[in-house]
Amino acid sequence: MIRFLQKDTRITKIIFGVIIGVTCILMVIFLVPGIFSGTASSSTTYASIRHGGILGRFLPAQDSVSVQDVQDVATRMMQGQQIPSALMPMLMQEASQQVIQQRILLDEAHKLGIRATNADVRNYLHSGVWGEYLFPDGKFIGTQAYAQFISDNFHISTMKFENEVREQIVADRLRDLVTAGATVSDKAVRDYYRNKATKVQFKYAVLSTDKLRKTINPTDTELQAFFQQNAARYKDADPETRTVAYVDFTDKDLPGGAPQVADSVIQQYYNQNQQQYKVDAEVKVRHILISVNANATPAAVAQAKAKAEKILKEVQADHGKNFAALAKKYSDDPGSKTQGGELGWIKHGATVPSFDKAAFALQPSQISGLVHTRYGFHIIKCQAKQEAHIKPLSEVKDAIVAILTKQQEQQEAVAYARQLANEAQQTSLDKVAAAHHLKVTTANGLTTSSTLPNLADSSKLISQAFTTKENAAPQVADTGSGTYAVFQVKSIAPAHTPTFAEYKSHVLDDYRDQQVTQLLARKTQELADRAHAEDSLTKAAKEVGATIETSGLVGRTDQVPDIGQLSSTAPSLFDLQVGQISKAINTGNTGVVAKLTDKQLPSQAEIEQNFASTRETLLNQRRDQLYEVFVSNLVNRYQKAGRILVNRKMAQNPPPLSGS
């Protein structure tokens, strides 16, 4: 090596230059703070994922996850829900994990040569879950309607939607590849079904915490010792209380009586709120359905169609006069058959697209041709039709007057309450009440959880009272249903530690709560021991004061009174043989010991009949397990290699979602 370098000083300089350059790059990576430190810092980037490059983790190719990418997923996750702002970081974190995981899986799929073509995307949209919406009756709804459908349902562009579909196809193919080797033995299938389908019947002895609590009667000495041992628990156990005086009134007490609303105000409200009075187009229909199974053969579909065509001719023969009778006779729709095919008024979008289109194309008394949907073949009769319109003022005037009257009453009530508060500040609540023929109510010993029964809603008054100083100026509080009250805090008693005598009943409850858990476990074990020793559940139950009950014939997922769902509270019952007594079963609220009186296993014929579906269930479980392990290991590998960089500032303080 040394001789080689000595031969040509020019080559030597080039090689040393490359070595020094690489060394400098590595020094920058390792020594300069912030370079690949595990956090992405761009204001528009939520995270970055290193997929590897020429120099591995040192000069990687990066895939950026934008804030918008995460927001799009979070928006879909919270669709139809109100998420408190305090939970938004958690929601964004969950959404970001989904996006990052998907990007990692896609990278792995690409390394394995898994791709999805434009033709794959088209086939998926045509035959997948959105097929009946995008291709009703096999015909594309059109570019504009397609874009609108994507915007309304996903709030993204068609390009982004199709890209997500492509990615999902790739991810599904990766999953299929990873889980292709999943197998289950025939024995495992039969054992699984046998276990699942086994039913048992038993009698059982029950001890309840409610009854046991009553048997716990400590002496005053024991209670006082408990009180002293839990001194911290009872510190300030008696909360702060306040005495409040208040004057309340209703709309009947307002000076001047009920307000009158001018016609000009009514017209103005109507003009400004016409959207509220918009009536959507609706059609009232009956239908006859000849159903077709989703997996039906072409021959079965043709047979159903021929039957529907024959019925259609019968309907057309009398121009639909006997449509209801024919629906009762022929229709396969259980929800409308007995009502003569009556579906009532439907709006656009309430039914599948092809049915919707056909129904709204009809005029009253018209009969459709055959309409093919995923449910089968329909014959539709239009009974009545209503075009989209805005209700006239004459039709909604009374409702508007009621709204405006309520608004004016509320405004006048607020003004009246403020007037009373100002007068009370100058004189007193008592004098103001007397002057206006109202009544002063004094409530003593109020806590933050108290209610005032004569008020529609006293929560705001109570809340304000506990932030007001003693004898401060009278204040106004909203008391619900458009009413108000004027109140004043008369006295405040601070929180304090009660004496044992004052709090004895509460101490007894706490003592019993603490002791009953241990008592239940002890008594249930005693019940089980006696039942096994004496080989008599009934005798043991009588000795310990338990109640004897009997179950029906139940499976693992069934609920049994005092026990709950057996699969979670008492799965061991299914391991018993008839005549055997169980161990102690503690559900938390009850203690149970059971004796099996019957056990029914599925027959071999039943096992074989359900063999295929059971195998598929087990295979799906196995596939899920294999894929979860694969995904977990893959993500962990990225994390350990420092290839996932998250913008911590953005993760902790995510921007608000659009529309939230």
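**Close-up 1. Pairing of strands β3 and β18 in the predicted model****.** Strand β3, which covers residues 199-208, runs antiparallel to strand β18, made up of residues 590-600, and 10 bridges join the two in this predicted model. Within this pairing, V206 has V592 of β18 as its bridge partner.

**Close-up 2. The hairpin of β17 and β18****.** Strand β17, formed by residues 585-586, is also paired with β18 in the antiparallel sense, here over 2 bridges. I585 has its bridge partner in β18 at V592, the residue that is likewise the bridge partner of V206. Between β17 and β18 lie 3 residues that complete the hairpin, and in the turn G588 adopts a positive phi of about 105 degrees.

**Close-up 3. An open sheet of 4 strands****.** The strands follow the order β11-β4-β13-β12 and their pairing is antiparallel. At the edges are β11 (440-446) and β12 (475-478), each of which pairs on one side only. From one strand to the next, the twist averages 35 degrees.

**Close-up 4. Strand β4, its partner β11 and the packing of helix α17****.** Strand β4, spanning residues 241-249, is held in antiparallel pairing with β11 over 5 bridges, and V244 is found opposite A443 of β11. Helix α17, which comprises residues 393-426, packs on the sheet and touches β4, β12 and β13 (484-493), while the direction of the helix makes about 40 degrees with that of β13.

Terms used
Residues numbered from 1 in each chain as written. Predicted model: local features only at pLDDT ≥ 70, side-chain atom pairs only at ≥ 80, totals over all residues. Heavy atoms only, no water. Pairing = 2+ DSSP bridges. Axes fitted to C-alpha atoms, helices over the stretch in contact; angles between N-to-C directions. Contact = heavy atoms within 4.5 Å.
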